[in-house]
Amino acid sequence: MPVPDADELVANALAAVRGTDVRQAERQLDHLMVGTGAADGTAAVDAALLRRLVRGLSRLWPRGWQPVDVDRITGRRLDARAARLVRAAMAAQRRAQAEPVPAWWDDQLRELTADARDDDHYVLAAWTTAEGLDRADALRTAVDTLALVESLPPIAVLRPPPGTTGAVTARPARAARSGSPMLDRVRALLAKAESTTFPAEAEALTAKAQELIARHSIDEALLAAGAERGDLPGGVRLSTDTPYAGAKALLVQEVAAANRCEAVWSDDLGFTTVLGWPADLVAVELLYTSLLVQATAAMLRGRAERRSGAGRRTKVWDESFLNAFALRIGERLRTATEAATDAADRAAAETAGAERLLPVLAARGEAVRERLDTLFPGVTRHRLSVRDAEGWSSGTSAADRASLDVGGGRKQPRQVPGRPDRR
């Protein structure tokens, strides 16, 4: 009976992994171990696995996936070893890609694949050695990784992918990340907020950061309107993985709303997509990353302050705490944005520019909402449920300890776009 070639061996192993027969999957893995029977049978199997993995990755790019997305979900669904294999395969796929590739794409790959080898003939062998795996474990991980890559569904295309019209000419959505003294000040304020042990100081620093961000956003909006550029709002994906994925999604939603962005939670994929203009997207990412650190620290302090014997429902308490924290912080961020907008409106009036500011902001907000409707036409809304009143009260207090001037009454909790929480 003739021995299948390497591509057929890989296809058989992949089909078996996708099935429910564990013994059949192990038998096909054994066939991969044996290889084609030729002198270079092992190398042929490795080459076939890499070819199919590279081909699977190249099919993901037009379906909305970006390198950071694939890296994140591989680590989430499998493990860090599989994620490192994907990085090596993405580097190999990029070396073979002849189509135009945007600069931001290469920037993502560069951050992920700095240690990748340049020799595509030994990608799997080098990865196996670096991970300290035996042949069987390496093949099992490689097949599982391939099965994941080929099973990923289409997602929203946020930027023109490699090989498409506009891939090279598209302006980078994170251009405001570097070379901005204002953003350097924001990062410094948020770093202080994360490191301080005084909640009031942390919130005051965060509110100041939001004020600076709001001013910068207004300046960017007026400059863009004056240049009459035909850009569309862009998007970024932020990790909202377990634990407490729903609370993280709510925090993203609140930060996005305070910065004139829209957010959609994809709970099954472990991320939230934020749509907005470049400067606002950078602001949302900076604030969310910092506030997640601050919220976690406040939650841990709150746990320690709980009354004796109240620890039996820690997960429910934590979730209620983080939800309340996110909502209250969102109110404060929106207040800072409104104050900055009012100040800019008054300044514009003094320079005979009042007729420009508010219409420009309104037009940009409408463009973001239109982008949301285009990319996510079937979005649903998830309503919060409070399952621990003590955790909710503690979370609100943690976000409300600073004596900041919050104008107006308490607003109704916002709803989070995305899939319903199945827990």
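How many helices and strands are there in the chain? In this predicted model, the count comes to 15 helices and five strands. The chain has 423 residues, and buried residues make up 50% of them. Its accessible surface amounts to about 20400 Å², with 53% of that area belonging to carbon and sulfur atoms. Sequence separation gives another view of the fold: of the contacts between residues at least 6 apart in sequence, 78% join residues at least 24 apart.

A helpful place to look more closely is strand E2, which spans residues 262–266. This strand is mostly covered, as five of its five residues are buried. Glu-262, Val-264 and Ser-266 point one way from E2, while Ala-263 and Trp-265 point the other way, and all are buried. The partner of E2 is strand E3, made of residues 271–276; the two run antiparallel and are joined by five bridges. Within this pairing, Ala-263 has Val-274 of E3 as its bridge partner. E2 and E3 form a hairpin with four residues between the strands, and here Gly-270 takes a positive phi near 80°.

Attention now turns to a loop. Tyr-122 sits between helix H6 (103–112) and helix H7 (123–131). Is Tyr-122 partly exposed or buried? Its relative accessibility is 47%, so Tyr-122 counts as partly exposed. This loop residue also shows how sequence and space can be compared: Tyr-122 and Ala-47 are 75 residues apart in sequence, yet their C-alpha atoms are 8.2 Å apart in space.

Terms used:
Residues are numbered from 1 along each chain as its sequence is written. This is a predicted model: local features need pLDDT of at least 70, side-chain atom pairs count only at pLDDT 80 or more; totals for chains, interfaces and linings use all residues. Side-chain values use heavy atoms; hydrogens and water are left out. Buried means under 20% relative accessible area, exposed over 50%, partly exposed in between (1.4 Å probe, protein chains only). Contact means heavy atoms within 4.5 Å. Accessible areas come from the Shrake-Rupley method with a 1.4 Å probe; for residues, only the protein chains shown count as cover. Two strands pair if DSSP finds at least two bridges between them.
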